[in-house]
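Welcome! Take a moment to look over the model shown here before we talk it through.

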Number of protein chains: 2
Amino acid sequence: MTQLSFANKNKITEEMKAAAAYEGIEPQELLEKIKAGVAVIPKNINHDFSPRAVGQNLKTKVNANIGTSPDHICFEEELIKLKVAIEAGADAIMDLSTGGDLKAIRDEIIKNSPVMVGTVPLYKTAANMELDNRDILDFNSEDIFADIEDHCRAGVDFITVHCGITKETVKSFKDSDRIAGIVSRGGTMLAAWISQTNNENPLFEHYDRLLELVYEYDVTLSLGDGLRPGSVFDATDKPQIDELKILGELARRARKSEVQVMIEGPGHVPFNQIKENILLQKKLCDNAPFYVLGPLTTDIAPGYDHITAAIGGAAAASYGADFLCYVTPAEHLRLPTPQDVFDGVIATRIAAHSGDIAKGVKGALDKDIAMSKYRRALDWEGMYKTALEPKKAIDMRKDSEDYKKDVCTMCGKFCSLSLQDKI
Amino acid sequence: MTQLSFANKNKITEEMKAAAAYEGIEPQELLEKIKAGVAVIPKNINHDFSPRAVGQNLKTKVNANIGTSPDHICFEEELIKLKVAIEAGADAIMDLSTGGDLKAIRDEIIKNSPVMVGTVPLYKTAANMELDNRDILDFNSEDIFADIEDHCRAGVDFITVHCGITKETVKSFKDSDRIAGIVSRGGTMLAAWISQTNNENPLFEHYDRLLELVYEYDVTLSLGDGLRPGSVFDATDKPQIDELKILGELARRARKSEVQVMIEGPGHVPFNQIKENILLQKKLCDNAPFYVLGPLTTDIAPGYDHITAAIGGAAAASYGADFLCYVTPAEHLRLPTPQDVFDGVIATRIAAHSGDIAKGVKGALDKDIAMSKYRRALDWEGMYKTALEPKKAIDMRKDSEDYKKDVCTMCGKFCSLSLQDKI
């Protein structure tokens, strides 16, 4: 039984109660959203934690990607990143490890994470080939499903599966004038596998098998956007939309099978195309929860891509994206450090909260109103406790002279707020 | 003679040539924009530098505020901030000093700045009172005009004048249910002055005198938004719009007098109100250049307000704002350090560039396309040289192991780009 099947039977679960309480809404309201397929509660039956929901008019959630790479394998560091991401306020963690003992890292992250955990099982499939001294693309359909089943058993709450990479969409990609190619790792692997074997993507061809498998564990499918643009120039092109149409069909089939499903989205998108991207996804996928990576509104800011992604993420969330995958300052340069993870989560939370205010999520403005009142009263303790991340604010102010005054060193006695009473 | 009066006579000036060259457009095209009042070239006849234009469909410009405060007076530090802001790519500097020898600091900044310099002459008026051991609001109309004239003579290129703070708009403010009050320093001073003296704002009452004065030096008026919201809750309220309507009238009068003019805008604005704010300003002010501060899309991120402002600034620029005033991480906490200045300029440039791509500014996408091609080719030197700020990108990557490989430690051998040839 999945949360969707319970919702279809109008049965409020403990998971719905916990997730609704987090939102400050009635469980029945959440149940209706789940039933309609516009919200999901990613929680594996084998993972014990207090879940949060992702979906329409709920608080926009923030995911932090962590995990090793073949060139940087440090088990302890990834656990530190997990801790840092949680402290910074992440709602979800994806373990995207591709180096070292993948099973051990994944299981440790699941054990230690108080929030939902997502993975891309295909990475393990490719890494297993590598371990066997085979080409990373030398896997077959059974290898893919075996790893998915392993992730389901292990307690993963949502999995990214690139079911929309098909013979048809790979052709669409090859026929396109893209400049950045395919930038999704899973997408590239499957596209290359299809090209080499001339077989159809098993995740597409045997999608019903996938649905049966994840249903058993109530693993939420996150339908990956393998053809997401990797350059603002490539945004909203034919391959991207061709894949999105397939994902919409697959989302409908998932719902029919009572499998919870969300859709992944771009990527690199100019600001003026973000709204149409969100609306198009919502339309083509019957308002399934939308999980976007960024989007980055320019390609030229490596080192600062958490900011670029916050711009696009705030816009996306405002127009209806439900789940933001963070981007760290290290994106396009190297594996993120714990500090990068922290900065990435904070920037993405600012974007998510800006979106929540814009789309009128319940209670979203409460903290802003409180902060503004504390500011008006020059109540610094009040400001600190209302801050999205208090430590930086406290440190910055205490770093200045005269921090014990009521005003700050920006304006001193010319503080507009301290002059208000004269008006 | 101002650039506007030359434009009215269809005479292309050296300033127009230089500014048009910077944009990659024909001088005649820029002349037409200036003539129509939709672009300005802020350049005092007493300030020798290569000017840039601000306005419709030109590159969105970025301003960095620097300057002392009564609680933090360090002449050398402000000159370092000037240097840092220029290195980071600022198109304009505002000296907002309120502490120490204001004239000396201002003149040194003008002397050393290779870009346009703006000021708020009223700060000097208030600080002069302080120096005379009088209440900071103890100034009169002549004091205000004397300081404006002094700034004009000194070579300031644009001045913020809060002409829209009037008896009427102060009443509108008092009748409102604002929670954050007035957060503009100049706005607060004049509102308090009006309340105390019961006189009309001299900058409004004697606006023609102001126009005559600045005309002589071709100082561009930046009509200040003294009633800009200081909380997202207060955004787009009656006082703000009442003031904007007055600024629209004053902009028309400025153009008639052949004085170049731009309009300042908010402030703190929820994401979903930014578009209407920009469109409303453009409509009420006949498309006069719009110079916005942020806007900040949430109030709860002190310590990270450069990111919050980048979100709002990118949206504003996309919808037509022409000039972004940066916000640094130190906003609401203390006077910015040189590092804060750097981070503020970079974040705002990302916003401005994201806006330029969105609104189709000529050549805006060129660097993004180049970057994407370098990425696709894993050409790191190409990526560095195309980066908006190369140093951080270089440092971050060189901070990782294996940085001499073609791929990076994010994906290593699983790099999607290195696998492209297999598709």
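What follows is a friendly conversation between a student and a tutor.

Tutor: This is a predicted model, in which local features need pLDDT of at least 70, side-chain atom pairs count only at pLDDT 80 or more, and totals for chains, interfaces and linings use all residues. Residues are numbered from 1 along each chain as its sequence is written, chains are lettered from A and ligands numbered from 1 in the order in which they are written, and side-chain values use heavy atoms, leaving out hydrogens and water.

Student: By what turn can chain A be laid on chain B?

Tutor: Copies are superposed by least squares on the C-alpha atoms of residues with pLDDT of at least 70 in both. Chain A then fits on chain B with an RMSD of 0.0 Å and a shift of 0.0 Å along the axis, after a turn of 180°. The two copies are thus related as by a two-fold rotation axis.

Student: Which residue of chain A comes closest to the rotation axis?

Tutor: The distance is taken at the C-alpha and comes to 2.2 Å. The residue of chain A with this position is A:Ile311.

Student: In what order do the eight strands of the barrel in chain B close?

Tutor: Strands are DSSP runs (E, at least two residues), numbered from the N terminus, and two of them pair if DSSP finds at least two bridges between them. Strand β3 and strand β10 of chain B pair in the parallel sense over three bridges, with B:Leu324 as the bridge partner of B:Val62. The barrel in chain B has parallel pairing, and its order is β3-β4-β5-β6-β7-β8-β9-β10.

Student: Is B:Arg106 buried or exposed?

Tutor: Buried means under 20% relative accessible area, exposed over 50%, and partly exposed in between, with a 1.4 Å probe and protein chains only. B:Arg106 lies in helix α5 of chain B, where helices are DSSP runs (H or I, at least four residues). Because its relative accessibility is 2%, B:Arg106 counts as buried.

Student: Which residue of chain B forms a salt bridge with A:Asp135?

Tutor: A salt bridge is a side-chain nitrogen of Lys or Arg within 4 Å of a carboxyl oxygen of Asp or Glu. Here the N to O distance is 3.1 Å, and the partner of A:Asp135 is B:Lys422. The pair crosses between chains, starting in the loop between α6 and α7 of chain A and ending in the segment after α18 of chain B, at B:Lys422.
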